[in-house]
Amino acid sequence: MKIISHKKSENPIRETKKVESRPFDRENLYFTLTCQSGLESLVRRESERLGLTETGGQDRLVSGKGNLETLYRLLVGSRFANRVYIEVAKEKITDFDTLHDTLTSISWSEYLTGKEIIVIEASSTRSVLSSM
């Protein structure tokens with residue numbers, strides 16, 4: 001694993017934006033489930049049966065609200081969802097500075113103990129962000 005450190009600029013012109021991350025509330029978690037194209041309605045019905053509320057869907061995604069028990073039910077009981085993601089922050093990302101500020105504003109210790117192995121995969125389509 002390669003860890004890359006990003007130091008904040010000492011440039012006084014750039015103002016750090018305060019980003020609100022969601023506190024870890026075991027009773028009010030927001031989830032996004034991925035699935036194969038065409039299975040959205042099936043995954044939505046299944047996830048509602050497993051406890052997901054306020055569900056919505058779009059191409060290959062189903063989202064909704066639940067608690068920690070719902071998370072465990074989705075992870076163990078879903079036969080059609082590919083992955084279950086927990087929303088820890090919500091922010092419109094338009095540049096790398098906003099991305100950095102959003103990621104550093106999250107209280108990661110509420111979600112991770114430091115003993116986990118984290119694999120990061122990233123891809124984008126028609127992104128406003130581009131690397132040099």
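# Chat about a predicted chain

Q: What does the accessible surface of the chain come to, and what share of it belongs to carbon and sulfur atoms?
A: About 10,400 Å², with 51% belonging to carbon and sulfur atoms. Keep in mind that this is a predicted model.

Q: How much of the chain is buried?
A: Buried residues are 22% of the 132 residues.

Q: What about secondary structure, how many helices and strands?
A: The chain has three helices and four strands.

Q: In which order do the elements run?
A: Starting at the N terminus, the order is β-α-β-β-α-β-α.

Q: And contacts, what share comes from residues 24 or more positions apart?
A: Such pairs account for 65% of the contacts in the chain that have a separation of 6 or more.

Q: Switching to charges. How many salt bridges are there?
A: The count is four salt bridges. As background, side chains of opposite charge can pair when their charged atoms come close.

Q: Let's go through some. What does R79 pair with?
A: R79 forms a salt bridge with E46, and their closest N and O atoms are 3.4 Å apart. R79 sits in the loop between α2 (68-77) and β4 (83-86), while E46 belongs to helix α1, so the pair ties together parts 33 residues apart in sequence.

Q: Where does that helix start and end, the one with E46?
A: Helix α1 covers residues 40-49, and E46 lies in it.

Q: Is E46 buried or exposed?
A: E46 is buried, at a relative accessible area of 5%. Its partner R79 counts as exposed, at 62% relative accessibility.

Q: Why does 5% make E46 buried?
A: The cut-off for buried is under 20% relative accessible area, and E46 has 5%, so it counts as buried.

Q: What else is E46 in contact with, leaving aside neighbours within four places in sequence?
A: E46 is in contact with G77, S78, R79, F80 and A81. R79 is thus on that list and is also the salt-bridge partner of E46.

Q: Next one. What does K65 form a salt bridge with?
A: K65 pairs with E54, the closest N and O atoms being 4.0 Å apart. The pair links distant parts of the chain, with K65 in strand β3 (residues 61-66) and E54 in strand β2 (residues 53-58), eleven residues apart.

Q: And K65, buried or exposed?
A: K65 counts as buried, at 19% relative accessibility. E54, on the other side of the pair, counts as exposed at 61%.

Q: What about R73, which residue is its partner?
A: R73 forms a salt bridge with E69, with the closest N and O atoms 2.6 Å apart.

Q: Where do R73 and E69 lie?
A: Both are in helix α2, four residues apart, which is about one turn of the helix.

Q: How accessible are they?
A: R73 is partly exposed, with a relative accessible area of 43%. E69 is also partly exposed, at 46%.

Q: Off charges now. Which residues form a nonpolar patch on the surface?
A: L103, W108, L112, I118 and I120 form one, with about 480 Å² of accessible area together.

Q: Where is I120 found?
A: I120 is in the segment after α3 (96-105).

Q: Does I120 count as buried or exposed?
A: I120 counts as exposed, at 73% relative accessibility.

Notes: Residues are numbered from 1 along each chain as its sequence is written. This is a predicted model: local features need pLDDT of at least 70, side-chain atom pairs count only at pLDDT 80 or more; totals for chains, interfaces and linings use all residues. Side-chain values use heavy atoms; hydrogens and water are left out. Helices (H or I, at least four residues) and strands (E, at least two) are DSSP runs, numbered from the N terminus. Buried means under 20% relative accessible area, exposed over 50%, partly exposed in between (1.4 Å probe, protein chains only). Contact means heavy atoms within 4.5 Å. Patches are made of residues with over 30% relative accessible area and no salt bridge: like charges are joined within 9 Å, nonpolar side chains (Val, Leu, Ile, Met, Phe, Trp, Tyr) within 5 Å. Accessible areas come from the Shrake-Rupley method with a 1.4 Å probe; for residues, only the protein chains shown count as cover. A salt bridge is a side-chain nitrogen of Lys or Arg within 4 Å of a carboxyl oxygen of Asp or Glu.
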